[in-house]
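Below are some notes on the charged side chains of this structure, for a reader who has not seen it before. Please keep the structure open while going through them.

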Amino acid sequence: MINVFPTTGTDFSGWNPRVDEVALYSDFDTHALDMLEQSEDTRTIRAPGGEIIGIVGVILNRPACGSAWALLSERITMHPIETTKVVRKLMELFASTHELRRLDMLVNGSSQRNIKWAKVLGFQEEGILKGFGDNGEDINIMARYWNVRN
């Protein structure tokens, strides 16, 4: 069974995913410490046996709006359904805890697998940030909404 805990500094320093292990926006591995420091809320996901397989967080940008980020090891593929359910619940928890009406996420546009996974998490595509990635790759901006007025 996968377990989720509030992230501590020792969790993050004890886990260093390779670039090819990061499942979402690949630039996050180079900016991960900044993301962690800016985050209002982070959770560490551990596989059975205690191995860290992901760290997920939210940065509050403005009232009721946040940006989700995730560093996920390829080892989540050993627990795909359970991990997806856990991350989806974390997005709901972040939205509820911080009274969000909008939560966005940047996803590497070159990975259809990651875009599909973000959609399973309830995010929808909003647009493409052309050349936004560190290596000039396109980045998709995706978002989820709660209690949005039309």
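**Salt bridges and their exposure**

1. The salt bridges in this predicted model number 7 in total. The points below take up several of the pairs, with the accessibility of the residues that form them.

2. Asp-41 and Arg-43 are joined through their side chains by a salt bridge, with an N to O distance of 2.6 Å. Are these two residues buried or exposed? Both Asp-41 and Arg-43 are buried.

3. Lys-119 and Glu-125 make another pair, and their closest N and O atoms lie 2.9 Å apart. Glu-125 has a relative accessible area of 38%, so it counts as partly exposed. Lys-119 has a relative accessible area of 44% and is therefore partly exposed as well. Both values fall between the 20% that bounds buried residues and the 50% above which a residue is exposed.

4. Lys-130 pairs with Asp-138 in a salt bridge whose closest N and O atoms are 3.6 Å apart. Which class does each partner belong to? Asp-138 is partly exposed, because its relative accessibility is 29%. Lys-130, at a relative accessible area of 64%, is exposed, because the class begins over 50%.

5. Which residues are linked in a network of salt bridges? Arg-102, Asp-104 and Glu-126 are linked in this way.

6. To recap the pairs by exposure: Asp-41 and Arg-43 are buried, Glu-125 is partly exposed, Lys-119 is partly exposed, Asp-138 is partly exposed, and Lys-130 is exposed.

Conventions:
Residues are numbered from 1 along each chain as its sequence is written. This is a predicted model: local features need pLDDT of at least 70, side-chain atom pairs count only at pLDDT 80 or more; totals for chains, interfaces and linings use all residues. Side-chain values use heavy atoms; hydrogens and water are left out. A salt bridge is a side-chain nitrogen of Lys or Arg within 4 Å of a carboxyl oxygen of Asp or Glu. Buried means under 20% relative accessible area, exposed over 50%, partly exposed in between (1.4 Å probe, protein chains only).
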